[in-house]
Amino acid sequence: MFCYQCEQTFRSEAATGCAGPKGMCGKDAATADLQDVLLHLCEGTGQYLHRARALGATDAEADRFILFAFFTTLTNVNFNAGKFVVLIQEAAGHRDRAKALYEKAATAAGKAPERLAGAAAFFRPATDMQGLLAQAGEAGVRKDVESLGEDVIGLRSLVLYGLKGVCAYAHHAEVLGQERDAIYEAVEHALDLLASEPTEIAPLLDEALALGRANFVAMEALDAANTRSFGTPAPTQVRMTPLKGKAILVSGHDLKDLAAILEATKGKGINVYTHGELLPAHSYPKLKAYPHLAGNYGGAWQDQQREFAEFPGPIVMTSNCLIEPQPRYRNRIFTAGPVGWAGIRHIENADFSQVAQAALALPGFAEDAPEERVTIGFGHDAVLGVADKVIEAVKAGAIRHFFLVGGCDGAAPGRNYYTDFAEHAPQDTMVLTLGCGKYRFNRRDFGSIGELPRLLDMGQCNDAYSALVVATKLAEAFGVGVNELPLSLIVSWFEQKAAAVLLTLLALGVRNVRLGPTLPAFLTPTLVNVLVEKFGIAPIGDAKADIEASLAHA
Ligand code: FSO
Ligand code: SF4
């Protein structure tokens, strides 16, 4: 195996990347190799779909499969090697259908179909794990590193990982009925490019930015999907401590699964708690209308082994970020959607009845914990609803600067930077946040500026869309560009959705993003220099010094 797609990848002076029997996340070598095979088959499918689309023929089923297949390969999503053997057979079926679609469309258009090389001509996959593992050498992101060098491979990796992020967001939107041709077109284009094994920096950099634009569309689609399904998020106080009674904990990002769980437990005397990136669910009117959506329990994903062990009911992981289930809760954790772990029960067809039964059989909380609440729900509509006050406060000097301190959390020690940053931001500055990194500071009292709370929680990591809408509208109101606003972006990354969001910021021309806790291992010094020169990206440094520098540049 070789994998260096996430922030916690193995790093030492001698080597970078997870290799050997297991990655830092617990992904084993067989799973990693099978993921490579699956992605390679999807690249071949993309070669055919891309050409078929140019001739006016599309295959929605294959496009949807690609979103899902890519999502399973994100960090901390699916660790079940057996599942990948099945997905690979399905991928081959989609590839064969896409090939037939393209050849038929070409013939109908009076053209001889191209005989495609590369991933499209990839083997007929073996049907068993050993056979597939023997074939895996033909796939993998670094297979050409000796002939092409680290820069090209690093940039190919950036495209591949950015594409994973786009697919994950687009999948969340698709399950709620929002699809966009522009996303499928961009996904197929990127797959075709990766399959053609590009050797030049320029087209890869262009592709990375094209994926950034596609990710903006994916985040817009997900925003539309969430608000059309569950209403417009509004400021909401969420209970952060448990209540006496039976309990279910729902983690991940999937609002649709959460809604299905709330339906399956209606009137059963079970309290449903959110965990991690599902905290923003409480701000959606149609979800908070369920009286048994009782509160949030715990914090960001990296603390789950302790928190899940202590939770007295079943736990459902609806998307990333799963860590190896521990014996203390192995028999009461379930996976859903793209998530998986061998030996852990997986929910099919959104039938959560067995989770409800498990909750009734488990003890639940013996008593109410002291009440503690946080306020969330500052999506673009809520913030733009008070835009007049914000603009007035900026003009009057009451708000000097906006800091967006957002992104993923993780276990790396350097992540205290984000807590320090939010805490030391001066009183006349606003702190916007999103993603799971906010758990480092969202229980603290930041006070307010006039009637506006100083800390505005905009939602999940994909709600970076909200931040961009707000920034664009404020820039319009002040008659300046987004980069001229008194706004600094302080981004923490962990996995591939964050890579996609970063590409979106770059594609939209947002400059001077501070990125940490470390820069991606797949970006070589040359590539980092390109990002610094073209986009002004800077690694995080010392929180207080970075605050001062941001204010001085404003
Ligand atoms: Fe966090 Fe995990 Fe939302 Fe990520 S829960 S780390 S970027 O998957 O998705 O912020
Ligand atoms: Fe390593 Fe991250 Fe890949 Fe897991 S996902 S194997 S931790 S680089």
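Helices (H or I, at least four residues) and strands (E, at least two) are DSSP runs, numbered from the N terminus. With that in hand, here are the close-ups; keep in mind that every one of them shows a predicted model.

**View 1. The cis peptide bond at C321, in the loop between β5 and β6.** Start in the loop that runs between β5 (315-317) and β6 (333-335), where C321 sits. The peptide bond leading from N320 into C321 is cis, and its omega is near 20 degrees. Is C321 buried or exposed? C321 is buried, because its relative accessibility is 9% and the cut-off for buried is under 20%. N320 and C321 are both on the list of residues around ligand 1, so the next view picks up there.

**View 2. The surroundings of ligand 1.** Which residues are found around ligand 1? The list reads H253, E277, W301, N320, C321, C408, G435, C436, C461, E495 and K497. Some of these come with polar contacts to look for. An N or O atom in the E495 side chain is 2.4 Å from an oxygen atom of ligand 1. K497 puts a polar side-chain atom 2.8 Å from a ligand oxygen atom. For C436, the backbone does the job: one of its N or O atoms lies 3.3 Å from an oxygen atom of ligand 1. There are several cysteines in that list, but a search of the whole structure turns up zero disulfides. For anyone who wants the reminder, a disulfide is a covalent bond between the sulfur atoms of two cysteines. Another cysteine, C25, is buried, because its relative accessible area of 17% falls under the 20% limit.

**View 3. S492 and its contact with C408.** S492 belongs to strand β14 (residues 487-492). Its relative accessibility is 3%, so S492 counts as buried. What does the side chain of S492 reach? The backbone oxygen of C408, at 2.7 Å. Setting aside neighbours within four places in sequence, S492 is in contact with G406, G407, C408, R415, Y418 and G516. C408 is also one of the residues around ligand 1.

**View 4. The cis peptide bond from G516 to P517.** G516, one of the contacts of S492, leads into P517 through a cis peptide bond with omega near 5 degrees. P517 itself is in the loop between β15 (514-516) and α18 (525-535).

**View 5. The nonpolar core and helix α6.** The largest nonpolar core holds 156 residues, and those with the most contacts inside it are L38, F70, L163, V187, L287 and I399. Which helix gives the most to this core? That would be α6 (residues 150-175), with 13 residues. Another core lies apart from this one; it has 19 residues, including F79, A247, Y329 and I333. Zoom in on F70 and you'll find that, not counting residues up to four places away in sequence, it touches L39, C42, L160, L163, K164, C167 and L191. As a rule, nonpolar side chains in soluble globular proteins tend to be buried together. Helix α6 is mostly covered, with 23 of its 26 residues buried. At 1.5 Å a residue, α6 should span 38 Å, and its end C-alpha atoms are 37 Å apart, which agrees. After the helix comes G177, with a positive phi near 85 degrees.

**View 6. Two asparagines with positive phi, N76 and N349.** Neither residue is a glycine. N76 has phi of about 60 degrees and is placed in the loop between α2 (60-72) and α3 (81-108). N349, with phi near 55 degrees, is in the loop between β7 (345-346) and α12 (353-361). Buried or exposed? N76 is buried, because its relative accessibility is 2%, whereas N349 is exposed, because its value is 76%.

**View 7. G231, in the loop after α8.** G231 is in the loop between α8 (201-230) and β1 (236-239). It is buried, with a relative accessible area of 17%. Beyond its neighbours within four places in sequence, G231 is in contact with N226, Y284 and P285. Between the C-alpha atoms of G231 and G435 there are 20 Å, with 204 residues separating the two along the chain. G435 is one of the residues around ligand 1.

Notes:
Residues numbered from 1 in each chain as written. Chains lettered and ligands numbered in written order. Predicted model: local features only at pLDDT ≥ 70, side-chain atom pairs only at ≥ 80, totals over all residues. Heavy atoms only, no water. Disulfide = S-S within 2.5 Å. Buried < 20%, exposed > 50% of the residue type's maximum accessible area, 1.4 Å probe, protein only. Core = buried A, V, L, I, M, F, W, Y, C linked by side-chain atoms within 4.5 Å. Contact = heavy atoms within 4.5 Å. Expected span 1.5 Å × (residues − 1). Near = heavy atom within 4 Å. Polar contact = N/O pair within 3.5 Å; in protein donor to acceptor, adjacent residues only side chain to side chain.
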